[in-house]
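Let's take a walk through this fold, with an eye on rings, charges and one odd helix. Have the viewer open as you read.

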Amino acid sequence: MSSPRTKSFTSSFLAGSISGTCSTLLFQPLDLVKTRLQVPHRRAALTGAAQSNGTIRVMVQVVRNENLRALWKGLTPSLSRTVPGVGLYFAVVHGIRQAVLCGDCDPTPAMAGMFAATARTVTCAALLPFTVVKTRFESGEFHYRSVFHALRSMRKREGVRGLYSGMLATLLRDVPSSSLYYMFYTAAKTRSKEMVTDEERIWTINFFCAMSSALMACLITHPADVLKTRMQIDGRHELGTYRMAKSMREDEGVRIFFRGAFARIARRSCVIALSWT
């Protein structure tokens, strides 16, 4: 028979995967819009379309110039990454908690941040090629027939560096984002338990803690998200993370590092809140 620990580990994996699937299906349009906003000049130059600003304007432009289904471009690679990714993340966090903590003890905010950072690093390293494919599908600049075709083409034309392009930028986004979110969430939830005793309000409190924690984590790490997107689409792997960031700042100013922030924060906040409450 399976031990309680094994059952709990499996439950965490399945719950995370199911939650990730639902979130991806619901909020993929926001992810696509975020990507389009982060590569406006390059896309405008390639397609001849006018540059659009704002989440709603980009959505309208996509539907008008392509079709409604185009808002879900990148759904397949997104699911290929999200389903195992969310499941793996939850499972690793759960496994570390079980190994480090005794019984039902709650981790300190610092410990929670370390758990999340470790889990996110493992997930990012394992699934980065699917992240690159997802970003390229969403940009509308690449015309791969399938996820497998994209992976094979990138491996053939760009080598392993293409499959893992933007890895440092991705880690600079995902690891701090997960750590900060988990620390904020744990601290807020612990504080709320001390202040609120009404069981009927627990769900509302958890939802608020998740949303506010996601907002703060996203704001802090958004510049790394923009840098990641540019590196995975640009294809100039020889530049490196620092030189790419310097080039972006010199050519487009500091504001470029906050393009698509609203779309990312809206999506990320909803996804995390639904996943953790």
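**A look around the model**

Scan the whole structure for disulfides (pairs of cysteine sulfur atoms within 2.5 Å) and you come back with zero. A disulfide, as a reminder, is a covalent bond between the sulfur atoms of two cysteines. Cys-22 is partly exposed, at 43% relative accessible area, whereas Cys-124 is buried at 6%. Here buried means under 20% relative accessible area, exposed means over 50%, and partly exposed is what lies in between, using a 1.4 Å probe and protein chains only.

Some ground rules before going on: this is a predicted model, where local features need pLDDT of at least 70, side-chain atom pairs count only at pLDDT 80 or more, and totals for chains, interfaces and linings use all residues. Residues are numbered from 1 along each chain as its sequence is written, and side-chain values use heavy atoms, with hydrogens and water left out.

Now for the rings. Aromatic pairs are rings of Phe, Tyr and Trp (its six-membered ring) with centres within 6.5 Å, called stacked if the planes are under 30 degrees apart, edge-to-face if over 60 and tilted for the rest. The search of the whole structure turns up three such pairs. One of them is tilted: Phe-137 with Tyr-144, 6.1 Å centre to centre and 40° between the planes. Another, Phe-142 with Tyr-144, is stacked, at 5.8 Å and 10°. Phe-137, Phe-142 and Tyr-144 form one aromatic cluster. Phe-137 and Tyr-144 are both buried, while Phe-142 counts as partly exposed at 23% relative accessibility.

Phe-142 also has a charge for company: the charged end of Arg-136 sits over its ring, 4.9 Å from the centre. To qualify, NZ of Lys or CZ of Arg has to be within 6 Å of the ring centre and within 35 degrees of the ring normal. Arg-120 does likewise over the ring of Tyr-89, at 4.3 Å from the centre.

What about the odd helix? Helices are DSSP runs of H or I with at least four residues, strands are E runs of at least two, and both are numbered from the N terminus. Helix H6 (residues 147-163) spans only 12 Å between its end C-alpha atoms, where a straight helix of 17 residues would span 24 Å; that expected span is 1.5 Å times one less than the number of residues. H6 bends by about 105° at Arg-157, the bend being the angle between axes fitted to the seven residues ending there and the seven starting there.
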